[in-house]
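The following exercises concern a pocket and several salt bridges. Please attempt each task before reading its solution.

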Amino acid sequence: MKRTTILALVSISVILAAVACTPRDVAESSCLGGERPIVEAPATNGTWPAPELPLPNGTAIDARGSVFDASTPNSGGWSTGIKIHYQPGKRVDVCVVGGHVYSTVDPVNTPWSTWHESAGVRADTADLHLIGTHFTNVGDMIQIGGRATNWRLTGIRADGAGVLPGASIHDDCVENDAMVSGIIEDSLLDGCHVFMSSFSGPTMDGTGNTVTVRNTLVRIQAMYNSYNPAKYGYNQHGGFFKWSNLPQYGVAPRLVVESGTFRADQPSYYGGNVSGWLALPPNTECGDVTLIGTEVWAARDVASWVSQCRSVTFGTVADWDAQVAQWGVDHPIMTRP
């Protein structure tokens with residue numbers, strides 16, 4: 001009887017494991033499976049949607065299988081894939097599922113100044129939720145505007161799309177210089193020049209706001225035409241958290257890192273915070289993290305993580321490869337049925 005019971009429990013465990021859902025799956029179902037009005041994104045487009053496109057509060061955008069080319073600058077010189085413009089009384093609580101935002105701009109020889117005016121997504125409306133969106137070869141992956149309070153990124157994929165050696169996000173994967181609250185979870189960001197920025201000017205005040213990073217894989221990628229090569233040289237990258245701790249750069253939100261893996265294969269010389277270039281900002285609430293590449297980091301950068309995190313594991317490139325492979329199995333590319 002005991003043997004039969006054990007076998008039955010094992011069988012149940014296998015079944016449960018087979019049907020387990022990722023946070024991306026749950027978010028996709030919540031966005032598209034409820035009573036929200038649904039707008040289907042075009043299969044192929046440049047910057048989308050147009051500012052005048054009606055998007056009532058609570059709209060779900062189904063972009064699964066759609067591609068957005070962020071290669072061509074507009075009249076103001078900005079190149080953007082998806083832009084959720086602000087509209088008074090509208091476009092609040094919009095969720096976007098899927099979509100691949102990319103550019104065909106030369107990822108190696110294009111100067112950093114060009115990438116500084118490029119973005120995969122520009123968010124300027126409250127409670128925006130991006131789910132499973134895919135990014136390759138843009139400037140900032142997502143820019144958070146001052147009205148984009150309580151943003152959320154779930155199951156985001158940034159990689160080389162099988163063509164480039166990394167996502168080639170040439171500036172910040174997440175630019176939160178408006179210092180508003182948000183959450184990044186269940187995501188793979190494999191190739192950021194800087195992971196996340198909350199670094200602006202004295203008028204930006206994130207007091208009372210919180211940014212949470214949860215169950216996310218982050219790799220910092222060196223770019224040939226990196227920031228200010230005349231000063232720092234080529235093939236450089238910034239830090240994980242370009243975080244203000246000085247009044248002249250604004251008051252950054254409270255930072256919470258609940259879990260995740262953070263990889264950088266070379267030192268950094270800019271784009272960090274007062275604790276160091278690859279450091280965890282001071283006063284961060286930090287849980288269980290894995291760090292990869294620390295053999296070449298500055299000692300103070302490593303110390304900032306060890307002193308603030310509940311548990312720190314020092315991993316290898318093989319560990320990273322295994323985690324990325326498993327993430328890919330659990331998060332297949334989204335397509336529209």
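**Exercise 1.** Determine how many residues line the largest pocket, and which of them lie nearest its centre.

*Solution.* Step 1: the lining of the largest pocket comprises 27 residues. A pocket is an open set of points on a 1 Å grid over the protein atoms alone, where a 1.4 Å probe fits, with protein on both sides within 12 Å along at least five of seven lines; lining residues have an atom within 4 Å of a point. Step 2: nearest the centre lie Phe 199, Tyr 227, Lys 242, Gly 271 and Gly 272. Step 3: the volume of this pocket is about 480 Å³, a volume being the space filled by probe spheres set on the points.

This is a predicted model, in which local features need pLDDT of at least 70 and side-chain atom pairs count only at pLDDT 80 or more, while totals for chains, interfaces and linings use all residues. Residues are numbered from 1 along each chain as its sequence is written, and side-chain values use heavy atoms, with hydrogens and water left out.

**Exercise 2.** State which strand gives the most to the lining of the largest pocket, and how the lining residues divide by character.

*Solution.* Step 1: strands (DSSP runs of E, at least two residues, numbered from the N terminus) that each supply at least two lining residues are strand 11 (140-144), strand 14 (169-175), strand 16 (188-198) and strand 19 (241-243). Step 2: strand 14 contributes the most, with three residues. Step 3: the lining has 13 nonpolar, eight polar and six charged residues. Here Ala, Val, Leu, Ile, Met, Phe, Trp, Tyr, Cys and Pro count as nonpolar, Asp, Glu, Lys and Arg as charged, and the others, Gly among them, as polar.

**Exercise 3.** Explain why the salt bridge between Lys 242 and Asp 172 ties together separate parts of the sequence.

*Solution.* Step 1: a salt bridge is a side-chain nitrogen of Lys or Arg within 4 Å of a carboxyl oxygen of Asp or Glu. In the bridge between Lys 242 and Asp 172, the closest N and O atoms are 3.7 Å apart. Step 2: Lys 242 belongs to strand 19 and Asp 172 to strand 14, so the pair links parts 70 residues apart in sequence. Step 3: Asp 172 is buried, at 1% relative accessibility (buried: under 20% relative accessible area; exposed: over 50%; partly exposed: in between; 1.4 Å probe, protein chains only).

**Exercise 4.** Is Asp 190, which pairs with Arg 219, buried or exposed?

*Solution.* Step 1: the side chains of Asp 190 and Arg 219 form a salt bridge of 2.5 Å, N to O. Step 2: Asp 190 is buried, with a relative accessible area of 13%. Step 3: Arg 219 is also buried, at 11%.

Definitions and conventions
Helix = DSSP H or I, 4+ residues; strand = E, 2+ residues; numbered from the N terminus.
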